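Please open the model in your viewer and keep a selection panel at hand. The tour below moves from stop to stop, saying at each one what to select and what is found there.

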Amino acid sequence: MLRFTSKLGPRAVRQLVASSRIASGGSALQFLMARRPFAAQPTSWNTKIVCTIGPASSDRDTLEQMILAGMDVCRLNFSHGKYEEHQQTFDAIRELGEKYDNQVGVLCDIQGPKIRTGRMEAPFEVFVGDKIRVTPKDVLGTPDLIQISYETLCEDLETGDAIFINDGTVKLEVEGKDVAKNELLCEVKTAGKISDNKGCNMPSGKLSVNVVTEKDATDLEYIAKHLNPEFVAASFVGSGEDVRKVRAELAKAGNDKVKIIAKLERPVALENLEEIILEADSIMVARGDLGVELEAWDVPAWQKKACILANKNSKPVIVATQMLESMVENARPTRAEASDVFNAVIDGADAVMLSGETSVGKYPVDAVRTMDNIVRCAETHVPKHDPEVFHSGQDAIAEDVCKAVHSFAERFEKSMKTGKVIILTTSGFAARQLSKYRPSLPMIAFSEEIRTVRELALCWGIKAHHLPIDATHNNVEERAISAIKEACNLGFMSVDTDARAAVLMPATHGSAAYYCAVFDLEELFADD
């Protein structure tokens, strides 16, 4: 497959070279080759990398190195940190984004409902077969009775339901209820330590948990009014209605532009997977909590299913959690972690995510670079997407046109010719539609909306650039030719390296009609 090999736009690379020119006065190419082991090396453009920003990576220099190493989207985790800290980090990301062609998106991840153990007299061990009582009441925990902070605990859980404590280290099974005392009678199934404020997971789909907590509502108001990021990730989503609740909170705060990423963290989300994908703008396979509430061996199959369904519906999908976990402490990942990232790309992930590796790890830049190296290798093995398999089933003109562009790219690859696909888009809709087919020609998207350019930082295979509409263009063909010339001016393509350009854009009737044309570059520029 022919691939566009650099995340950095030409202007960004020129700026980098200009600010760091080799003292000997070497060329830009000599400079990049000299810096190849470091951040200026070409990076994968197809599979995107999401990085969690924290104490290890929030300073401007580290952020810039991570962008150059291959970071596409910065994740701000609202489970931690103060608003002032998030604002400072956000401002630094935006400044760097402008420096590097607006190639960096921002994702704000809200905490969601957190169920935790209460206070303990002292941490204690439990062993298989031990009996222990659990209550939502505020009590000081002992080996006989502990609090779990979930108000309707006794109403929602039934005999046989499981309670996991501390990321699944301890497993309890409900044996019965004492309604009068508001307590569950449990038996220990997996031994371990119980202590203060540890996270609890309950796989039961009957939980009456509110996906937007009081803290989330406050955070969403701040995010909507003061940050205005491209994405908000909603935690513990269980249905399409949960996604609508998050969207409503943002709208209430006066912002209806932020895209919603639904995090798949509970079995009930998998039961309602299709409706969640249809309602959300994107999904995240968050394998941390999901891996606690499901058997570990079931998670890979669900990851594959989620990727395929998201691909079919042109919704970007992120695979997350513990991808290069050992790099929190070590400079190199394990072979198993490398395989995990590789297989996520093969499964159809638009993006892969780093969490603790970049937020608190010792090697945040190296973790991004390592992730980039793995996905670049994986992309040479990505199976072709059959348009018939990945068609959403909807009778949409955009899908038919994108299938035609995909067919053109396939024929072009077989004829051993080179070319690019250029997409002109206001909202990014056409770019996302085409991306799901994984065409073999590199894709360049132009949009008059900077927000759209940043949103496409999460979309597989799309190199986006800001291009204001020229009012002097009288028809779509003039706009198409102008876009080709702009791509050449920016260094994305040239007559010397590309024989053809396929241009896709909405016609004058918006989504009711699309313009698609193939240009011979040599003929197009014959008179220039």
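In what order do the six strands of the open sheet stand, and is the pairing parallel, antiparallel or mixed? What you have on screen is a predicted model, and in it the six strands of this open sheet follow the order β6-β5-β9-β8-β7-β11, with mixed pairing. Colour β6 and β11 (200–201) separately, since these two strands stand at the edges and each has a single partner strand, so that one side of each is left without a neighbour in the sheet.

**The open sheet, strand by strand**

Select strand β5, residues 131–135, together with strand β9, residues 183–190; the two run antiparallel and are joined by four bridges, and within this pairing Arg133 stands opposite Leu185 of β9. Now add strand β6, residues 145–147, which runs parallel to β5 and is joined to it by three bridges, with Thr135 standing opposite Gln147 in β6. Strands of a sheet pair through backbone hydrogen bonds, in either the parallel or the antiparallel sense.

Move next to strand β7, residues 162–165, and strand β8, residues 170–178, which pair in the antiparallel sense over four bridges; here Phe164 has Lys171, in β8, as its bridge partner.

**The barrel**

Leave the open sheet and select β1, β2, β3, β12, β13, β14, β15 and β16, eight strands that close into a barrel in that order, with parallel pairing. From one strand to the next the twist averages 25 degrees. To look at where β1 and β16 meet, select residues 48–53 and 351–354: the two strands run parallel and are joined by four bridges, and Cys51 has Leu354 of β16 as its bridge partner.

**Helix α14 and its neighbours**

Keep β1 and β16 visible and add helix α14, residues 364–379, which lies across both strands and runs at about 155 degrees to β16. Within α14, pick out Val368, which counts as buried because its relative accessibility is 0%. Leaving aside residues up to four places away in sequence, Val368 touches Ile49, Cys51, Met66, Ala69, Gly70, Met71, Leu354 and Thr358. For a long-range reference, draw a distance from Val368 to Lys198: the two residues are 170 residues apart along the chain, and their C-alpha atoms are separated by 30 Å.

Which helix packs against α14 at an angle of about 10 degrees? Helix α3, residues 60–69, does so, with the axes 9 Å apart, and the two helices are therefore roughly parallel to each other. The contact is made by Thr62, Gln65, Met66 and Ala69 from α3, and by Pro364, Val365, Val368, Arg369 and Asp372 from α14.

Then hide α3 and show α12, whose axis comes within 9 Å of that of α14 and crosses it at roughly 50 degrees; the two helices are therefore oblique to each other. The crossing is right-handed. To display the contacting residues, select Ala338, Val341, Phe342, Val345 and Ile346 in α12, which meet Met371, Ile374, Val375, Cys377, Ala378 and Glu379 in α14.

**Helix α11 and the loop after it**

Go on to helix α11, residues 299–312, whose 14 residues reach 20 Å from the first C-alpha to the last, close to the 20 Å expected at 1.5 Å a residue. Which residues of α11 are buried? They are Val299, Gln303, Ala306, Cys307, Leu309, Ala310 and Asn311, and these buried residues pack against β13 (259–264), α9 (273–279), β14 (282–286), α10 (287–293), β15 (317–320) and α12 (335–347). An α-helix has 3.6 residues a turn, so residues three or four places apart point the same way.

Following the chain out of α11, stop at Ser314 in the loop between α11 and β15, where phi is near 55 degrees, a positive value in a residue other than glycine. Is Ser314 buried or exposed? Ser314 is buried, because its relative accessible area is 8%, and the cut-off for buried is under 20%.

The last stop is Gln322, in the loop between β15 and α12, which also has a positive phi, near 60 degrees, in a residue other than glycine.

Note on methods: Residues numbered from 1 in each chain as written. Predicted model: local features only at pLDDT ≥ 70, side-chain atom pairs only at ≥ 80, totals over all residues. Heavy atoms only, no water. Pairing = 2+ DSSP bridges. Axes fitted to C-alpha atoms, helices over the stretch in contact; angles between N-to-C directions. Contact = heavy atoms within 4.5 Å. Expected span 1.5 Å × (residues − 1). Buried < 20%, exposed > 50% of the residue type's maximum accessible area, 1.4 Å probe, protein only. Parallel < 35°, antiparallel > 145°, perpendicular 65-115°, else oblique. Left-handed = near helix turned anticlockwise from the far one by under 90°.
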